[in-house]
Structure formats: C-alpha cells, structure tokens
Amino acid sequence: MNTKKFDIKKFLVDNAIIFILLLMVCYVGITQPNFLSKNNFSNVSINTAIRFIIALGVSGCLITKGTDLSAGRIVGLGACIVATLVQKADYSDKFFPKLGDVPLIVALLIAVAFCCIFGLINGLVISFFKVPPFIATLGMQTIVYGICLVYTGASPIGGFRSEFTSLVSGKLFGIPYLFYFALIAGVFMWFLYNKTRHGKYMYAIGGNEVAAEVSGINVNFTKILIYTLAAGLYAIGGFLLTAKAGGATVNAGYGYELEAIAACTIGGVSTNGGVGKVSGILVGVLVFELLKVSMQFLGVDTSYQYIVQGIVIVVAVALDLRKYLAKK
Amino acid sequence: MNTKKFDIKKFLVDNAIIFILLLMVCYVGITQPNFLSKNNFSNVSINTAIRFIIALGVSGCLITKGTDLSAGRIVGLGACIVATLVQKADYSDKFFPKLGDVPLIVALLIAVAFCCIFGLINGLVISFFKVPPFIATLGMQTIVYGICLVYTGASPIGGFRSEFTSLVSGKLFGIPYLFYFALIAGVFMWFLYNKTRHGKYMYAIGGNEVAAEVSGINVNFTKILIYTLAAGLYAIGGFLLTAKAGGATVNAGYGYELEAIAACTIGGVSTNGGVGKVSGILVGVLVFELLKVSMQFLGVDTSYQYIVQGIVIVVAVALDLRKYLAKK
Amino acid sequence: MPDYMLEMRGISKCFPGVKALDKVSIKIRPGTVHALMGENGAGKSTLMKCLFGIYKMDEGEVIYQGKPVSIANSNDALHKGIAMVHQELQPIPERSIAENIFCGRYPLKKVGPVKMVDHKKMYDEAKKLLKEVRMEYDPKAKLSTLSISQMQSVEIAKAVSMDAKVVIMDEPTSSLTDNEVEALFTIINDLRKKGVSIIYISHKMDEILRISDDVSIMRDGQYIGTWEAKELTTDIIISKMVGRELTNIYPQRDNVPGEVILEAKNLTSIHPKSFKNVDFKLRKGEILGLGGLVGAQRTELMEALFGMRHLAEGEIIYKGKPLNIKHPKDAIKGGIGLITEDRRGSGIFGVLSIADNVSIASLDKYLDMGIVLNGKKIEQIVKDNVAKLSIKTPSSKTQIQTLSGGNQQKVIISRWLANDPDILIMDEPTRGIDVGAKYEIYQIMVDLAKQGKTIIMISSEMSELIGMSDRILVMCDGKLTGEISGKEATQENIMQFATKFN
Amino acid sequence: GCGSKKESDTKKDDTKVSTQVEETADQAAKATNGEGLKGKNIGVCIYKFDDNFMTLYRNELQKYLEEQGAKVTLMDGKNDQAEQSGQITNYITQGVDLLIINLVQASAAETVTNQCADAKIPVVFINREPDVKEEERWASEGINATYVGADARQSGTFQGEIVNDLKDGGDINGDGKVGYVMVQGDMENVDAQYRTEFSVKALEDGGTKVEKVDEQRGDWDQAKGQEIVANALTANGDKVEVVFCNNDAMALGALQAIESAGRVVGKDIYLLGVDALTEAIQNIQQDKMTGTVFNDHIGQSHKAADIAAQMLNGEKVESTYMVDYIKVTKDNADDIMKMLQ
Ligand SMILES: Nc1ncnc2c1ncn2[C@@H]1O[C@H](COP(=O)(O)OP(=O)(O)OP(=O)(O)O)[C@@H](O)[C@H]1O
Ligand SMILES: Nc1ncnc2c1ncn2[C@@H]1O[C@H](COP(=O)(O)OP(=O)(O)OP(=O)(O)O)[C@@H](O)[C@H]1O
Ligand SMILES: OC[C@H]1O[C@@H](O)[C@H](O)[C@@H](O)[C@H]1O
Ligand SMILES: [Mg+2]
Ligand SMILES: [Mg+2]
C-alpha cells in the first residue's frame, strides 16, 4: 500500500465494479457446479484474451477522443487472411490449392501487415482530412467488409492444420497459450502507454488536442500510429479468433468493436479523452466475459440475456462514473 | 439571392455534395433507362422518407454531442408493436388472435408511446447518471432487442390489413403518402429547431453544456426531451417501415442507426455538437438512398457496393468539412 | 548578431469577413521586452499565432536572427527557439503538472535500445521550475486540482523552460495575482538579461510601463508604430490605441444605492475548504465590489448564490422572501444573472452565432403565442447590444469563437443585459478587455445601477474595485473578513482584510 | 428404427408430396417412446436467434425435447463462431449429456467435434452441414457425432422446378427466355449460395433459357426485399418475369413492391420463396405468390431429437440424416397449412 492513509470508502467506490464482479463470481461459483473449475478458468481466459487484445487496440483511439468502428471488420479480415493461409495441405476446399504449409508466424505477420494498411488509412483520413473518427471508421467498416467479401467470395474457410487450432487447446504450465498472448499484449501496451513518449503524446492529445499541437507534438503522426497499431492488434485478435473457432467467414469479428468500446468504457477509459488504463480495460473485458459465462451457467433465457447484458453495460458505467460526480 | 454579392466559389464549396449528387443522378439518369422515371422517384422517396424521419430523431442527439445507437432497435420495436396490431382479422398466425381491427392511428400511437419510454430512459440515464450517450444507448440497443425478442419470440409477423400496407403504395396528387409523412416530420423538426426555445436550447447545449447550464437552461430536461422525441420518431419510422415491407421481425431497423448517424454527418451535423440543419440531414439521407439505387441500376456487384458505400461516406464528409477547415 | 532578433514584415491575414492583419511589420530587439498593444480585436493574438505557426499568414515574411524563415507549425516554431504563452489557457487537466510542463519534450532515458520517458528527471525539473514561479506544488498532482491562476503559472513555467530565444506572452497575467505577477516579472528580467526577446501582450497599462522596453501599437489590424516605453505614458498609449483621447478611466458614478433587496445569512459551502458563515446584504442600485486574493472563494460564493454550487447551510432572503436556489435557472427566474470568470469554459457557445449567444438566456421574452420565437425581436435586441457595446463583428450571424477575446466578453455581457436581471454578478468582468472597452463596461454598470439594478463585481484589480464600487466586501480563506465603503477604500485597507488569515 | 436410411434423394414427383407430409408426422409419433432423453441435460446451440426459420426450428425442437423429459438450454451464437465455440466449451464444462449444434460456420465442425469427442459428449449437428470428409471421419474414427438436416440444394432445385412446371414455364412475355431477379440472403450462408445457384440450375436443366436481370443481396430481410425488387422492377420493367427469393420474408417484401408497381403475380410475374411461412402459404392460396418450398422444421427437429435419443441410448447412428424439403404450390398449400397449424 501507499504511505498515504488508506481511505476505505474511496477504495470501495473506486473499485465498485471489481467487487460486484467478485460477488457475481462467488454467487455463480457456489450455486453452479463446475463454474469454479480449472476448465472454466481456461475457457474464460481464452475468450477474454481475444477480446482484451482487440479492446487494447480500440483503447488508443478512445483515449485520443476517437473511436474505431472498423475494429470488428478488421478482425474479420485478419481472420480470413489467416484462415486462407493455414489450411491443411489435403483439404478439399483449399483456398490456395497450391500453397504449401505457411509457418504460423508468417501467416500472422501477413495478416498484421494487411490489416495495418487499413488502420493506416483510418489514421490518415482522420488526421489529414479531419473526418471525425466515428465516420471515418464507420466508412472503413463497410469498406473492409466489402474487401473481405471480394477476397473470400463469401465462402467460409476451414480445414486448418492442427498445429494452428491447438494454439487454443494447447497449454503451458496448465495455462492456455492464449493467455500468454494476451499477457504479452497487455504488458507491451502498458509499457507503451506509461513509459514511452508515444503514450504521453496519446494522453496529451486526448486531454487537449490544441495544447498538444502547440506543445509541438506531431498530433497527426501520433494518431496515425495509434490507428495503425490498433489494426495490428485486431489482426492478432483475428488470428486467435480463427484458431479458436476453427474456421472463418467474412462475418468473423462482426460487432466486436461495440463490445470493445463498451468494455473500455466500463474499465474507465473516458469518452472525453485523455483517460484510460490497461488494467481498467482488462476489468472491462472481464465484466463482459464473466457475465456471459455466468448467465449461461445460470441458464438465463437467451432473450433475457440481452436485457441483462444491456443493463449491465449501463449500470457498470453509471457506477463507475459516480466518482466523477462529486458534488460541487 | 441575397443582397450580398454572390460568391460563386464559396457556393460551390458549401454545396459540393449536392453537386456531386446531381452529377451522379445525371450520369445514371442518362446511362440507365427508367432511372429518371416517376416510379423511381416514388421508390426513392419512399426509402428516403423513412430514413429521413429516423435521421431526424438521431440528429437532436448528435447536435447535443450525444448519439443514439439504440435508434435502429427502437425502430424495430416500433415495427413489431405496430405489426402485432394491424394484422388481418382472419390471418391464421395472428399475434393477438382476439384483437379486433385497431385503427392505424391508434396502432401508431401505441408504438410511439412504448418507444418513447425507452427514449425517456435513455435521456434519464444520460442526464442523471451521466453515462456517456454512446454507452447508454449501446446498452439500450441490446436491451430493446432483448425485449423485442421476448415480445415476438423472434417469429416474423405479417398478414396485414390492406389499408395499412397501402399507406406505402397509396398516392396523393401522384406522390406517395410516405412523402407527406416525411414532409410533415421535416417541417415540424425545422420549426422545432429554428423557431422554438427547445431548439435553441439544444444547439446551446451542443455548443457548450456548462454555459447552457449557467444560462439557465434546464440541460437535463432538454436532453430527456430530445431522446424521448427521437424515440417517437423512430417509432414512426418503424410504423412506415412495416407498412413498406409488409411484415416485421425483431431484425427490422437493424443497423439503421449507423446509417442515420452517417447521413447526419454527411449532411453537416457536427459530431462536435451545436451544428446541424434539417435540410442538411435530408441531403445526407439522399446521398445514401440515391447511391444505393444508382448502384443497383448500374449493376454494381453487391460486394463492391459495400466498398463504394464506405468510400462515399468518408469522402462526402471529408468534402463537407473542407469548408470548416478554412485554411488556418 | 543582427540588430533585430526578429522582424515581421508586411504580414496580412484574412478570416472570412475580417481582415485581421493588414501588412503589419514589427521588429524585436534581442534582450528586450517588447509590448504589443491594441484594443480587443486589433489583431495582436493573430499576429503572434502567425509567428508561432498556428495560422498561416496570407502574405508577409518573417526574418529570424537575420535570416528569412518560414514556420510551418508550432513544433517548427519551438524548434527554432520561439515559445509562447497562449491567451487562451491550454491545460491538459487529466495529466500531472509535470507532464503539462514537459508536454511534447518529455525527458528521455535509454534503457538498452529503448527510449523511455525519464519520469524522475521530469518531476525533479518540474519541481525546480515551479519554485521559480513561486508554486510549491507536487509536480505529480493532476493539473485539474489547480486554480486557473495556478494553471497560468504552470504555462508560464513551461514557456520559460523551453530555452527559447523569443518568448511570446499573450496576456500572461490575465488571471494572476499580484504575488504571481511579481514572480513573473523576476523571471522576465532574468530572461532579458540572458538576451531573450519577450513579446508581451497585455491590457494592463501599469505592467506595460513597468516591464517593457519597446511598445508597438496596433489598431484594427494595422500597425500604428513603435516607441520606447520610457517616452510613453498611459494617456499617450491609450490615445494611440483608440485613435482618440480618453479622459477618464472610470465613469462618473451617480447611482444611488437604495433599500436592501437581498440578504444572505450564514452561507456555508458543502466543502469544508470553501466559504463558510458568510453574511451580507445587497442594496438596490448599488455596485458591490468583492475583493480578495485568488483562492479566497469569491467565485465559489457567487456561484453558490447563483445555484451552481451546493450550500450546506445558509439562507437567502430576496425581496423579503426566502429564495430557494437549486439551479441557475431558479436564480435567473428570480432575477439574478452571472457572468462567469471562465469565458471559454462556461461563457461562450463557440460554434453558435452572436445572435444566439446574446439571446439564449432571455428567449422567453421573444415568444409569439407562447411558443414561436420572433426572429425580428431577437435581431433587434442583438443589434442594439452590438451597437451599445461596440462589438466588433462582421455580422450577428458570425460564430462567436471567431471574435477576439474582448469582444467575446462583450457578447456575454449583452446576454445578461438582454435578460435584464435585477442583480447582476460579474466575475472579473474586464479580464482581457482593452481600456476603451473597459470604460464602456463600467459605464454600463453605472447605467444599470442607476436603473435600480444591483451589481456585484468580483475583481482582482484593486484599482477597479476602488474606482467602481459603492461598497467593497473582502474575503480571505472562505470567510468574509471586512467591509469598506467605496469612498474609504484604499489598496492598503483592502489588502489588510484580504490577508486576514486566522 | 427411426429412419436410419439416407433420405436425401430428391423427390421429383409432385404427387408424392402429401404422402411425404404424413411420413414426417408419423415419424414424430413413433419417437415418443424414446427413453434416452428423459432427465437428460441437452445443450442446444443456435447459430443466430433472430433467424426466422431457425426460430421455428428451435421452438419446435425445444418443445419436442421437453415433451420427452429432457432438460434443455439454448444459446444464441449471435452469428459468431468464436462466440458459439465459447458456448460449447461452457456446455462441456457444465457437463451436459448431449449437444445439438446449429453451427455458425460449417467449416468449424472439425474443431467442435474434437472438443466434444474429447469430453465424450455426443453431438448432433443440425441445419448447417459439415464437410463430407468430416462426416466420413466420424464414421471411420468412431466419433459419436451426426448431422441431421436438409439439403439446401434441394430447396433451390424445387424453386426452379416449380417455375418449370408452370404452363408457360415462366416465360410470360414469350420471348423464349425467362428473365429473373434473384434476391439473395447473406452470402456467407450456404443456404443462400445453394438456393441462388440451384434454382437457376433447375430452370436450365428443365430446358429453359434464362436471363439474369438483377441479383442483389437482401440479407433475408423483408424491407430489403421490398427495396431491391422495387428498384429492379423500375429499372427493368417487363423484362422481369420471375422473382426468386432465397427466403419467404424477402418474397413477402417483394410482393409489396410488385403490388405497388401495379403488377399481378401469376399473371405478369412469378414470385418464389423458401420456408413456407404461414403468410407465404396464404399468399399462395390467394394467388399472390407462385410457390415456396417448405423447409420442414418439424421433420428436421423431430429427427434431430430422435437421433439424439438413440445416441443417448448408446445406439450406433449414421453420420448423416436428410429430411426433405417440400414444394408448396397452390395444389398442396392447404395440406401444408393444415400440417402447420
Ligand atoms: N479563427 C478566427 N476566425 C475568424 N476570425 C478570427 C479568428 N481569430 C481571430 N479573428 C478575428 O481577427 C481579429 C483579430 O483578433 P485577435 O484575436 O488577433 O485580436 P486581439 O488583438 O488579440 O484582441 P484581444 O485583446 O481581445 O485578445 C478579430 O476581429 C477577430 O474577430
Ligand atoms: N488551495 C487550493 N488548492 C487547489 N485549488 C484551489 C485552491 N484554492 C482555490 N482553488 C481552486 O481555484 C479556483 C479559483 O479559486 P476561487 O474561486 O476561490 O478564487 P477567487 O477568490 O474567486 O479568485 P478569482 O476569481 O479572482 O480567481 C477554484 O476552482 C478553487 O476550487
Ligand atoms: O440462415 C438463415 C436462413 O436460413 C434458411 O434456412 C431459411 O430458409 C431462411 O429463411 C433464413 O432464415
Ligand atoms: Mg488576443
Ligand atoms: Mg474565482
């Protein structure tokens, strides 16, 4: 703890969501067998890992008062690119029938490279044409989808090499591989956000873009970097998603952007810009994932699951904002 | 024209989208027979009417720096409610088997009333719990969808009385009824935005919320009104959509919010708040609708239609913002 | 070393509808303080923004250290050794004080191949710099915990730490207390000794005469001339700025305070560190000054009276009845108006027109049939006000954000004139206002008082308090420490009360 | 034995339709004696909850399973394979006795099957058919998995055949070829792809010359169906003789467009859908639609449940079971309607 005296009330208010999350986990854990099992831990961590990586990408956009609605579709593009590269040699419906066994890392890098192009375009359009991020990335959402349709001809792609799909089932020290992916991504982003100039620039731009500009920060360049990096993370998300699903279609990743944005906001990334922590983003993603599993374990009717999920989004954010509401 | 001297360059820049729109219409009109026909006018005006009414609803949220992601789902809810009330007495799959013939206006009002409840909640959550509109309405999007699923059990609802469906096919002075709906909505909103206190308050809140508060504006009340009214307009949109499609499912209106937001932005509603005109919104909606018809007439492959549409969104906004960029 | 550190030649700049700069030329000597003076909207800030690369000039050239240069953007300007304190504060509230100071040039350290921000160095240096501007704040604290004046000090610290050859200061003291101003002047003198040129913009005559070596004057976007400060007096400067003689700084006060209209009893904020147990009375037709040091909680007190802040205790008797104010709209309904001190934050509606900005608080008055706004009536009231306050604007449809700071302030005053309140609270009403316009504002205050309105004026300028108030209340540390009648007020007795900490 | 033989052979003969209906109902009756489902936890994964057809299907499936004493939970895959895979792992962790899965992506079958096999949970795939190779693998590796569904190609073929059987073979304007508009579902869906392809193929196989006047994607959505057909009719007028819709919802929208363009189905245009929604059947009865294809959710869901019961009883099952689509035209519309009531 700090040297400062510990304020229990503040601690509770600041971490309200975390407590509620713990409460929920305890309740479901006690009432539902197998919820607190190793298997479930590994399921949740696999789901969380992918969403977390995508949310990390979106977070930079949000912190600079932007947003990225193309996130989900870029995840989908990444997924489709990877999918076409990791098919079994003898798969009858092979996309590139003559393609040999592409090493996984190469497949990943190719997907990252392609996705980054679209992130780059997002960044350029936002910086130089001053198109509001919402619109720029909304347009990109549609464009990337179209491109993905053209690329795959809308056919689903499957028949992957087992070394690829085992990325998800595989474990190291009893912990799924995906967990490590997320860990590395999280540490990397934490470092970037807190220890490098780029991170400071990002927070400064989000806090006051004019101030950043007149302080000599290359605002355009920083934004471009943010959107490009984000797309790179989406590609990784797409890669893992494909491994997890065991197949990919143009619809992969669809709608993930909204969930990622909601997760970030729940985790304290402010839509007013300039605020947001990597640890918060993780909490935000966990809220979603734990909620989903819990509802399934509790056997909540699907239609009602939507209602609950919607309410949780709103309440989690309302709760979190309480601390800012401090009466004047 | 004005007494001021006419600045042709400014006129061109200010209305760039309109000119490009006209150009497009001319091109398609010349190359494709029947494009400039009365029938096509009527199709376009029917589609535009519905989208325009929805975009009008969203515009108030945008002008106050908010947004409404629940728009599409509320349209869907309105559509489903109306649909369950206007079925033929002898339709075998009737939702309320014992329900008599509900007058159309009553069906509309019931839908409006129910939808307004959700708009009201949006407004309350945004005003009093200070949940960012993006998140509040994202949550509501999911909630309303869930409610609609519960209400309809996800089954499609059809078998309407012909007086209802003929709302769309019917014409007055050779112009489809729907056109008049849109006209009335447009005139009403123009009046509200320009000639009433509410409108001025709305622009003021968008311009500077704190200053609005200090100027004695009841910011919370104004916002609540805006979100509630918006939901009312979505309900009307849902009503007309159902009449047009001749049936409704929980999926009705899905995704309309993004299109509406994009249309507003293309039409000059600023995401920075405080700026936006009814006429601009109409132009924005027309850009979309004319683009869609044109692409179909030109026989553009559906996959490529997405790409074109995405590019148009971005370019239209880039173009429009030029005028605000007035070289620093 | 060339004769001039910097020359700007024939600079012109047009905005839609305004020629902001019309072939302006100035020359800045090395190691001097060069004051730039002119009425609101004369083009001072615009000229500086052109120099700093924020605006692109339409024509003209910049000779810097003897060589023609072109400055593409702020980054470029900073690299060339030009730093600027901006008229509009540019805080990044959510980041630490140190990060605000080192924004854009964070100290780095190399860890292996990776360049990392050197936090320790950043905080240490920030601490040193803060000391220089007499601020003993934790550099790790969020900027948002500071008051406006403290933020301004931070910006000054930032600009002077840039190691620049030219430091532009656009109204650096607009929110500073006397104490802080002294610190600034010490810094400026040090810089001058090091050969740095300072371009200093201010509307405060005494500062100009004290600190500057040369004075350049602008009027309506044109360059009028440059003089050595020692040749000048306040009157000469004013007449060159305004283009005519200005005989008095304060108008004749011929209002007569009448019966008590409002009585505040035991007002206490919900925040322990804010105002407590404040009692005062307001009379019809009086101008009440509210003095004190920055941080004395004057603003908080008035904002509470206006319903923007919460009271823990206290009662307000207005026109004989208790008045319950929960929200500004309650206050406005009761006939109270407030011009806030933070113009950009809580005053202007930037993207809206002048007409909208003027009419927004009084829309109820322009209704036909109870709902329809009458455009003609609005247009009329706007026209009247633009004329009365001589607001410089191309049209009433102009966006207020394009006006100069001073003119924006006048528009906000118009808003409250249009609303016609019985009590008008003005928090630093002449901040950033040129002398000519100040006089106009003072005159309006007197006129209002003569019509039986009550004015409460918060001001940090002693002379303004003394010159304008019928009565002065002084606060210190959240408590009312004294009351002085206007006639008896002196700098000394106000200061005495203002520093009466327990 | 509850139909362990393959039933995928396309019935060409229209008169067989009514016997087919009885057969399906018959199967349903027989299955009630299945002991295997009683008290069992069945996890059902639906690819997307708001899919019209899958709604009918899942409701029927749930009802039928519960009637036989099974404990059923359903999950909505939200059209996202990754989401669904997560749900499947959750079911496995929870320890369900059997899974009935309507995959989002048929190509994910291998991964999913392996997961279930590892956990020793039998799995019945429905509606979206895995790769043939995958199905063969189940048999050869003795994996307890099977597919119960319908062949989407057949639904397309039936659409085409209905047109072929019209007295003018679809050529209303007598120019020797049939001008058609194709309104597609979302193209990621194999149903959409096959219906688009095989409706036209059946027309051509029947010796008709065809001309594609327009082809647009309507995402199964009624409003989009209306918009697309309204535009197509405006642009192409009488050239449009047949409107093929990949499902009935879009066909109903198309009908709106056709009527407001002042055209009359059966007289100067033909309109075909798939699914046999109640409203579509009524339209056929009233000559407002030419025909549709009954996507037999009752037969399919009952079959799936019956096979599930067999698996739970430890019986060995085939790797695929096909339930036929049924052509619906004015001739048999009343029968189909009765069956659905
Ligand atoms: N961004 C802008 N767009 C349009 N007009 C502008 C803009 N900035 C300044 N102007 C106009 O240019 C003129 C000069 O403004 P400027 O801010 O330079 O005045 P100033 O001398 O700094 O006044 P003050 O003392 O009030 O700060 C004014 O008429 C103002 O309205
Ligand atoms: N000691 C302090 N520490 C942090 N913030 C402070 C402190 N004192 C004041 N502030 C903040 O600074 C702002 C201005 O202070 P305050 O309104 O009390 O000053 P004032 O007497 O009105 O002076 P002026 O209006 O002339 O600046 C307020 O927002 C207040 O919360
Ligand atoms: O996958 C979605 C589609 O599935 C088909 O089987 C059905 O016929 C369509 O109406 C549509 O629901
Ligand atoms: Mg200025
Ligand atoms: Mg103050």
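In this predicted model, the magnesium ion listed as ligand 5 has as its protein donors C:Thr299, through OG1, and C:Glu341, through OE, at 1.9 to 2.6 Å from the ion. Because C:Thr299 belongs to helix H9 (residues 298-305) of chain C, while C:Glu341 sits in the loop between strand S18 (336-339) and helix H11 (343-346) of chain C, the pair ties together parts that are 42 residues apart in sequence. C:Thr299 counts as buried at 11% relative accessibility, whereas C:Glu341, with a relative accessible area of 25%, is partly exposed.

The magnesium ion listed as ligand 4 has protein donors in chain C as well, namely C:Ser45 (OG) and C:Gln87 (OE1), which lie 1.9 to 2.1 Å from it. Here C:Ser45 is part of helix H1 (residues 44-51) of chain C and C:Gln87 is in the loop between strand S6 (82-85) and helix H3 (97-101) of chain C, so parts of the chain that are 42 residues apart in sequence are tied together by the pair. C:Ser45 has a relative accessibility of 16% and therefore counts as buried.

Turning to chain A, an unreviewed UniProt entry places the feature "transmembrane region" at several spans, including residues 12-30, 42-63, 133-154 and 303-321. The table describes the chain over two of these spans.

| Span of chain A | Helix | Strand | Distance between end C-alpha atoms |
|---|---|---|---|
| residues 42-63 | 100% | 0% | 30 Å |
| residues 133-154 | 91% | 0% | 28 Å |

Methods
Residues numbered from 1 in each chain as written. Chains lettered and ligands numbered in written order. Predicted model: local features only at pLDDT ≥ 70, side-chain atom pairs only at ≥ 80, totals over all residues. Heavy atoms only, no water. Donors = N, O, S within 2.8 Å, 3.2 Å for Na, K, Ca; no water. Helix = DSSP H or I, 4+ residues; strand = E, 2+ residues; numbered from the N terminus. Buried < 20%, exposed > 50% of the residue type's maximum accessible area, 1.4 Å probe, protein only. UniProt positions renumbered as here; feature names shortened; annotations may be inferred.
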